[in-house]
Structures are given as structure tokens and as C-alpha cells.
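Work through the exercises below with the structure open. Try each task before you read its solution.

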Amino acid sequence: MSRVVTGAMVRVEGVRKAYGHGAAAVHALRGVSFEVPRGELVALKGRSGSGKTTLLNIVGGLDAADAGRVRGDGHELADLDEDGLLTLRRDRVGFVFQSFGLIPVLTAAGNVGVPLRLRRTPPREREERVALLLSLVGLADHAAQRSGELSGGRQQRVAVARALANDPALLIADEHRSAGRGDRARRDGAAAGRTQRTGHRPGRQSLRDDLPVPELQHPVGEVQQGGVVGTGASGFRQRAPASRIPT
Ligand SMILES: Nc1ncnc2c1ncn2[C@@H]1O[C@H](COP(=O)(O)OP(=O)(O)OP(=O)(O)O)[C@@H](O)[C@H]1O
Ligand SMILES: [Mg+2]
């Protein structure tokens, strides 16, 4: 697959998504438009059920929109066949799932190594990279522990390390809206999508799981009533007016 390194990392135009049909349909996204420039960190927040996971799954090529266009890493996702989507997800996108998606019987190291195995990374290189990633997220001492035995926070950090394993051009991190008090990252940062600068390597980046999203210097958009509302912060460009199309 050719690598396009110009233009927006993510461009979403008029995306709609409903679950179910007829009167029982749930209109999760009602015409979402926004774009994320390369190298920018963008957070999307919104109340529980506002459509964050739905939107991020579509942006990451895990689910298809009913209508609208999604461009990721220079590719029109609708133009990619199943192989093209698989290649994009394997080589260019890292995903931290809301429920982590770890394999509980595999160790932390085993989970982080899965994307590297899929790419047939030689064992020595794979072990070195897994060790680097686990130390990056502060879990070097837990490499040999089964992920199912780890605390929720540590499982999430394993998921972050796994998402970074293939040095993705686009890192998508999904988190549910929690009512947890005293944890602003969870309260305000229900979902964050991150693009990495070209040439940026996780090995040079320090990760913490407790950074409060509003204190990071990046744009924040809010998912409301099926649309994304920009805050006007630099870099977060609404390509269409906030779309709150009534049902
Ligand atoms: N597979 C599905 N089938 C039917 N309805 C769904 C499905 N997935 C999501 N929905 C509905 O779509 C809406 C958006 O859900 P979504 O999971 O995207 O919200 P969210 O913003 O990620 O919420 P949270 O903060 O709780 O994770 C909700 O009303 C939800 O019930
Ligand atoms: Mg969610």
C-alpha cells in the first residue's frame, strides 16, 4: 500500500451511522464532520452514549459508516477492500479499545507482541521492542504476568503499549465516559485520538495514563447529539457547521 504523507491524517465528512432499522433505529452519528492534521493530538469528549466509540471505530476502519466519507492516512476508507483495510489497520493504525481487548491468558508481553507477530517481526527484534514498550508504560516488572491478572489501569497500559507496537501513523485511544471523581482524564477525556508526527517514535515519548486531557495543549471537540462540535481551538477544524440533524 502506498504511503501518502501529505494532507490531513483524518478527514471525516458527513458521517452517519445508525444501529437497527425503522422506529427502533438508534442514530448514533447524524452527520459528523471534522479533520485532524498530521502530528496533532485531538481529544473528543461527550457524554456516555453520544457516539464516541462508534465514531472512533469508523475512523479506525473497524466499522463502516452508513453515509459520508472517511479519509485516513491518505486513503478513502470506502475504496479499500477487506485486504486493504486489514493492511491499513495492521500497519498504520494503533487502537486502544475501550474495553482493552487483551487476551487474558497471554502475558502482558505476549499481548504487546501480537501485532509484531502478525507482521512477522523476527523474534529477537520483537522481544526487544516489547520490552521497550512495556518499560515505556511502566510495566517492565509485569511483562510475564497474565494480562487477565492485572489491574484495570495496568491492562489499559498494556493496551496502549500494544497499540504502539507497530509504530502507527495514527493512534486512536477510546475510553468510556466515567463518572469517577478526582480523575479528570476519565471524566473529561472520554475519547482521544492521536496522530503522531512523521518520524516520531514511541521510544522517544514518555507516556502517562493520568494526564488530564484539558491540561494537554491540544484541541478538544465534543460529540453532542450525533455531531462533533469544535471548541475553536487551533488545529481542530470543523469542515462543516456543527451538525445536529434532527431525526
Ligand atoms: N452494536 C450496537 N447495536 C446497537 N446500538 C448500539 C451499538 N453500539 C452502540 N450503540 C448505540 O449507539 C449509541 C452510541 O454508542 P457509543 O458506544 O458510540 O457511545 P460512547 O460515546 O462511546 O459512550 P461511552 O462513553 O459510554 O463509551 C448508544 O445509544 C448505543 O446504545
Ligand atoms: Mg465508548
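**Exercise 1. Find what covers the buried residues of α4, and explain how those residues are arranged.**

Step 1. Look for the cover. In this predicted model, α3 (108–118) and α5 (152–164) are among the elements that cover the buried residues of α4.

Step 2. List the buried residues. In α4 they are Arg-129, Val-130, Leu-133 and Leu-134. They lie on the same side of α4, because they cover an arc of only 130° around the axis.

Step 3. Recall the geometry. An α-helix has 3.6 residues a turn, so residues three or four places apart point the same way.

Step 4. Turn to the other side. There, Arg-124, Glu-125 and Glu-128 of α4 are exposed.

**Exercise 2. Check the length of helix α4 against its expected span.**

Step 1. Take the residues. Helix α4 runs over residues 123–136, which is 14 residues.

Step 2. Find the expected span. The rule is 1.5 Å times one less than the number of residues. At 1.5 Å a residue, α4 should therefore span 20 Å.

Step 3. Compare. The end C-alpha atoms of α4 are 20 Å apart, which agrees.

Step 4. Look just past the helix. Gly-138 follows α4 and takes a positive phi of about 75°.

**Exercise 3. Describe the packing of α3.**

Step 1. Pick out the buried residues. In α3 they are Ala-108, Ala-109, Asn-111, Val-112, Gly-113, Pro-115 and Leu-116.

Step 2. Name the partners. These buried residues pack against α2 (82–91), α4 and α5.

**Exercise 4. Two residues that are not glycine have a positive phi: Asp-73 and Arg-120. Decide whether each is buried or exposed.**

Step 1. Place Asp-73. Its loop joins β4 (67–72) and β5 (75–76). Its phi is near 55°.

Step 2. Count around Asp-73. A residue is buried if 20 or more other C-beta atoms lie within 10 Å of its own. Asp-73 has 23 C-beta neighbours inside 10 Å, so Asp-73 counts as buried.

Step 3. Place Arg-120. This residue sits in the loop between α3 and α4. Its phi is about 55°.

Step 4. Count around Arg-120. The cut-off for exposed is 12 or fewer. Arg-120 has 7 other C-beta atoms within 10 Å, so Arg-120 is exposed.

**Exercise 5. Describe the shell around ligand 1.**

Step 1. Count the shell. Ligand 1 is surrounded by 15 residues. The closest are Tyr-19, Ser-48, Thr-53, Thr-54 and Arg-177.

Step 2. Sort by type. The shell holds 4 nonpolar, 9 polar and 2 charged residues.

Step 3. Trace the sources. β2 (26–36) and α1 (52–59) each give at least two residues. The largest share, 3 residues, comes from α1.

**Exercise 6. Sum up the whole protein, then say where to read the model with care.**

Step 1. Count the elements. The protein has 6 helices and 10 strands.

Step 2. Judge burial. Of its 247 residues, 42% count as buried.

Step 3. Look at the contacts. Take those with a separation of 6 or more: 69% of them join residues 24 or more positions apart.

Step 4. Check the confidence. The average pLDDT is 78, and 71% of the residues score at least 70.

Step 5. Locate the weak stretches. pLDDT stays under 50 over residues 179–217. It also stays under 50 over residues 231–247. Beyond four places in sequence, the model has 72 contacts for residues 179–217 and 41 for residues 231–247.

Step 6. Draw the lesson. Where pLDDT is low, the predicted coordinates should not be read in detail.

Definitions and conventions
Residues numbered from 1 in each chain as written. Chains lettered and ligands numbered in written order. Predicted model: local features only at pLDDT ≥ 70, side-chain atom pairs only at ≥ 80, totals over all residues. Near = placed C-beta within 6 Å. Helix = DSSP H or I, 4+ residues; strand = E, 2+ residues; numbered from the N terminus. Nonpolar A, V, L, I, M, F, W, Y, C, P; charged D, E, K, R; others polar. Arc of directions from axis to C-beta. Contact = placed C-beta atoms within 7 Å. pLDDT = per-residue confidence, 0-100.
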